[in-house]
Amino acid sequence: MTAFNADWSLMTPEIVLAVLALTVFTIDFTTGIRGKKPFIGTLSVISLLVTIVLVVIFNQTPGTIGSTFVVDPFAMLFKIVILLGVALVIVNSMSYLDKHDDMYQGEFYSLLLFAALGAMLMVSSADLITLFIGLEILSISSYCLAGFRKHQAKSTEAALKYVILGGTASAFILYGMSFMYGLTGSTSLLEIGAAMPTLYAQYPFLIMMSLFFMVAGLGFKISIVPFHMWAPDVYEGAPTPITGFLTAVSKVAGFAIMIRILAVGFGGIYDQWYFVIAVIAALTMIVGNTVALVQTNIKRLMAYSGIAQAGYLLVPLAALLNIHISLSMIVYYAFAYVFMTLGAFAIISYVTEKENDEEISSFAGLYRRSPFLAHSMTVFLVSMAGLPITAGFVGKVYIFLGVMTSQMVWLAVIMIVTSTISFFYYFGIIKQMYMRAPKEEDSMLKAPTSISLIVTISLIGTFGLALFANMLTNYMNGLNWIIL
Amino acid sequence: MIPNILTLLVFLPLLGALIVLTIPNEHKNVIRSIAGITSFVTLIISIIVWSNFNRGLSGMQFAENYTWIDLGFVSFNYELGVDGLSMPLLVLTTIVTFLAVVASVTIKDRVKEYFVWMLILLTGMLGVFVALDMFLFFLFFELTLIPMFFIIGIWGGKEREYAAFKFLIYTGLGSALMLIAFFAMFYQGAMASGQPTLNFLALAEIYGNPAYAGMISNAFKAGLFLTLFIAFAVKLPIFPFHTWLPDAHVQAPTAASMILAGVLLKMGAYGLLRVGFGILPDQAANFAYLIAILGVVNIIYGALLALVQKDLKKLVAYSSISHMGIVLLGAASFTTSGMQGAIFQLVSHGFIAALLFFMVGAIYERTHTRMIEELGGLSKTIPILAGFLLAAAMASVGLPGMSGFVSEFLAFMGIFWASPDVIPAAKTIAVIAALGIILTAAYLLWAMQRTTFGQLHQSHAHLEDARPIEYVPMVCLLGLIILIGVYPAILGDVINTTVIDIVSKIGG
């Protein structure tokens with residue numbers, strides 16, 4: 001077996017994170033299940049930061065363990081995005097958890113750590129089995145997290161919906177995988193990819209079935225149209241920091257794996273599927289952006305906005321003319337996306353908690369109550385809308401350029417027009433903050449340190465990625481993205 | 001000469017905005033002074049650039065060039081420069097904005113925020129006029145959107161939110177089209193020549209090079225030009241893409257109206273001339289007939305609508321639409337004098353519209369009404385303000401000795417003598433367009449007769465006349481209008497070389 005003499009050090013970050021997650025879990029047990037435990041949150045954040053450092057150290061040089069676990073720049077960058085995202089989610093959760101006594105803090109943090117672990121495994125897997133294990137670790141943690149406010153009907157409903165539909169999606173993915181295994185006798189993505197062109201010539205129907213089931217299943221997970229129906233309900237019901245986690249981190253991880261499957265497994269028959277992906281991308285952008293227009297609940301609005309954003313991320317995948325360029329676009333946008341979404345969610349969770357109201361009108365007059373939060377929220381929204389000097393703008397232009405060069409002008413046009421439509425709802429929130437008076441009883445808001453911290457980091461990320469885009473793109477230009 | 005003076009010019013207001021941000025809200029006068037000083041220093045720098053501008057030289061001056069974001073297959077560069085087209089608009093921007101900042105003393109609410117947006121807006125506008133890279137140009141173009149949205153939406157009139165959103169969506173869609181056209185242009189240019197570039201000048205060379213004609217078909221160029229035309233038509237604004245403008249103008253606070261009419265509309269015209277005419281001169285000539293007709297439609301349609309307005313500010317807004325038609329007409333003629341007229345009109349209208357909006361704002365502040373029928377006899381209570389209003393209206397009508405006259409004269413002469421190859425029925429068009437002058441005289445004189453003269457409204461018997469600070473914008477703007485009117489060469493010698501360059505591209 002090659003796996004025994006393989007370089008296991010490549011997996012150091014995952015192993016360390018697993019150990020740390022179990023440690024957090026154990027400490028939680030020994031300190032009693034209830035009560036405020038800020039130190040566990042801090043510990044979890046430190047664990048994630050340590051893991052980021054380990055990823056940078058141990059994943060610098062590409063390598064594989066057997067043919068199941070692969071470390072390449074693609075995996076490394078996505079791991080950094082994911083870990084950073086989870087760390088931001090935990091910081092955001094701290095003040096939220098302190099206000100809700102019905103939520104067991106230690107459990108919450110360790111579930112998030114396990115979710116991060118699952119996502120890391122996912123992005124590094126080059127084998128259908130590893131992939132599925134990673135996916136399920138992430139999914140099951142997410143189901144629990146979505147229903148974490150167990151005494152609230154909406155939260156329970158969200159969890160139930162999520163677990164049933166998510167389970168169905170997993171079944172779809174497995175079913176799709178079984179075709180692959182049946183045809184090739186292998187679960188290795190690399191072997192599947194190598195056999196793909198000849199297989200397709202022999203069994204085009206089976207291959208397309210397999211592809212369809214996998215795309216449908218993964219499409220559920222990352223909420224792209226037409227598999228997005230669950231998302232608004234689940235996002236609305238889940239605790240707000242978790243909504244941020246689902247829209248940002250979980251989605252990015254899902255994307256990573258979808259890319260790897262499509263690029264490595266089905267790369268050989270790109271001509272057969274790119275158009276389907278392009279149509280899905282177009283639908284996702286159109287539906288997400290237009291349905292968002294009529295939302296009044298901010299979490300639902302962000303859910304549809306997240307669907308629309310997933311559409312933008314799909315565009316480079318459809319225009320996979322040059323995989324290296326497409327991947328740099330996706331990774332760049334993923335970084336931008338995590339910063340702006342989590343920054344926005346930090347503010348959303350704080351404001352909606354304070355107001356005890358999730359309508360957009362709860363943002364009325366935020367400018368007078370907390371200029372810092374209002375200005376920051378504006379930056380995040382403007383970035384999501386894709387306006388200048390923000391990461392969202394550069395990311396979108398980058399993707400847009402790529403699509404133009406792959407000659408799918410219609411897709412580029414849809415992307416730009418739907419982005420313009422999105423001005424309407426993003427600026428609708430801005431309107432509330434600056435142009436509406438706050439409610440009578442509203443007082444000044446003093447954001448807790450954790451919220452200020454995460455907002456500041458996200459601001460730096462949103463501006464920094466735009467102004468110093470060169471550093472990231474230069475780095476990515478030199479990468480050999482996928483080694484397996 | 002200061003190195004990197006254009007960068008300094010563009011980003012100085014942004015620096016001012018950052019300084020304003022650090023001042024506590026309650027020090028309103030400190031905030032106002034910083035904004036005033038910043039915009040004044042920006043004005044001084046632009047005048048330094050103006051005076052060091054080499055009149056005889058063709059091509060870009062004060063050029064700066066750095067690689068910014070390298071994406072592997074293309075890089076977005078930081079490239080700046082000015083030529084005879086951008087130079088006057090640059091100075092126009094700094095002058096109008098400085099005066100608008102002075103005129104903003106009437107803003108009492110949320111002062112800090114207001115001036116921060118003003119200064120960011122200034123950076124965006126200046127950036128548009130000096131950027132030579134498409135991406136950079138687009139970035140600055142979009143950057144002007146957000147401050148204007150806030151300024152209209154927060155400090156505007158009763159329907160401010162509606163107007164702000166309408167402005168955002170209309171001009172946003174215009175920008176979207178522009179982006180699509182830009183990258184189509186980039187892509188086809190790169191495919192044809194093998195050198196991916198987003199630089200305006202380099203693209204102009206590629207698109208003008210007959211060697212690449214095989215890859216860049218005429219149909220493609222035509223589509224490109226039309227897309228660009230519509231994109232910039234929204235901002236300019238050209239019928240039928242103009243409907244956002246009256247709403248935005250009427251709702252916007254005085255200073256914002258001054259900037260909107262004085263500078264923002266010019267960005268549309270500048271884009272059309274720089275990108276449309278600059279890179280695709282043959283297509284511009286192909287569509288010159290259409291452009292000229294649209295110009296006439298704008299002139300007549302805008303004037304007719306102005307004629308029936310009851311609101312003085314709306315009247316001025318529609319007159320802007322009418323006057324922008326003259327720009328189209330002059331540019332479409334593809335004659336030296338027509339092109340000169342177009343650029344003259346941009347600058348001249350910038351000053352005149354700013355003055356008109358300032359006067360309307362000052363009168364509204366005192367009388368709390370903009371309805372023409374309620375404004376009779378103003379010359380009896382506020383003779384100085386009424387006098388300046390009358391002078392501004394006269395300039396707008398195109399009274400000889402004022403800038404409007406020079407611009408219209410040049411533009412009409414251009415269209416009259418346009419080559420029949422470019423515009424078949426040029427003389428007919430010129431005659432129809434000239435009717436617009438009569439209409440302009442009609443609506444403005446009639447409006448003046450009903451506001452400054454006639455029966456004095458009882459509630460307006462005791463109004464305060466011009467305050468000292470109001471003299472600054474009034475005298476400066478009127479002074480500039482007259483200066484250009486009696487000594488047009490001050491503008492002419494800066495723009496001539498570039499005008500000849502543009503016109504010579506089609507052998508006119």
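Modeller: A helix here is a DSSP run of H or I at least four residues long, numbered from the N terminus. The model is predicted, and its chains together hold 56 aromatic pairs.

Biologist: What makes the pair of Phe427(A) and Phe149(B) edge-to-face?

Modeller: Their ring centres are 4.6 Å apart, and rings pair if their centres lie within 6.5 Å. The planes of Phe427(A) and Phe149(B) stand at 75°; over 60 degrees counts as edge-to-face, so that is the term.

Biologist: How do you know that this pair joins two chains?

Modeller: Phe427(A) belongs to helix α17 (residues 409-435) of chain A, while Phe149(B) belongs to helix α6 (residues 145-155) of chain B, so the pair joins two chains. Both Phe427(A) and Phe149(B) are buried. Ring pairs also link them into a cluster whose members include Tyr367(A), Phe423(A), Trp117(B) and Phe165(B).

Biologist: Why is the pair of Phe225(B) and Phe229(B) called stacked?

Modeller: The ring planes of Phe225(B) and Phe229(B) are at 20°, with centres 6.4 Å apart. Under 30 degrees counts as stacked, and 6.4 Å is within the 6.5 Å limit, so the pair is stacked. Phe225(B) and Phe229(B) are 4 residues apart in helix α9 (residues 218-235) of chain B, about one helical turn. Both are buried.

Biologist: Why are α16(A) and α7(B) called oblique?

Modeller: Helix α16 (residues 391-405) of chain A and helix α7 (residues 160-193) of chain B cross at roughly 50°, their axes coming within 10 Å. Under 35 degrees would be roughly parallel, 65 to 115 roughly perpendicular and over 145 roughly antiparallel; 50° fits none of these, so the two are oblique. Their crossing is right-handed.

Biologist: Which residues make the contact, and how do they divide into nonpolar, polar and charged?

Modeller: From α16(A) come Val397(A), Phe400(A), Leu401(A), Met404(A) and Thr405(A). From α7(B) come Leu179(B), Ile180(B), Phe183(B), Ala184(B), Phe186(B) and Tyr187(B). Of these, 10 are nonpolar, 1 is polar and none is charged. Thr is not on the nonpolar or charged list, so Thr405(A) is the polar residue.

Biologist: At what angle do α4(B) and α5(B) pack, and what is that called?

Modeller: Helix α4 (residues 111-130) and helix α5 (residues 134-143), both of chain B, pack at about 150° with their axes 8 Å apart. Over 145 degrees counts as roughly antiparallel, so α4(B) and α5(B) are roughly antiparallel. Their crossing is left-handed. Residues in the contact include Ile120(B) and Gly124(B) of α4(B), and Phe137(B) and Phe141(B) of α5(B). The contact has 6 nonpolar, 3 polar and no charged residues.

Terms used. Residues are numbered from 1 along each chain as its sequence is written. Chains are lettered from A and ligands numbered from 1 in the order in which they are written. This is a predicted model: local features need pLDDT of at least 70, side-chain atom pairs count only at pLDDT 80 or more; totals for chains, interfaces and linings use all residues. Side-chain values use heavy atoms; hydrogens and water are left out. Axes are lines fitted to C-alpha atoms, for helices over the stretch in contact, and angles run from 0 to 180 degrees between N-to-C directions. A crossing is left-handed if the near helix is turned anticlockwise from the far one by less than a right angle, and right-handed if clockwise. Contact means heavy atoms within 4.5 Å. Rings of Phe, Tyr and Trp (its six-membered ring) pair if their centres lie within 6.5 Å; planes under 30 degrees apart count as stacked, over 60 as edge-to-face and the rest as tilted. Buried means under 20% relative accessible area, exposed over 50%, partly exposed in between (1.4 Å probe, protein chains only).
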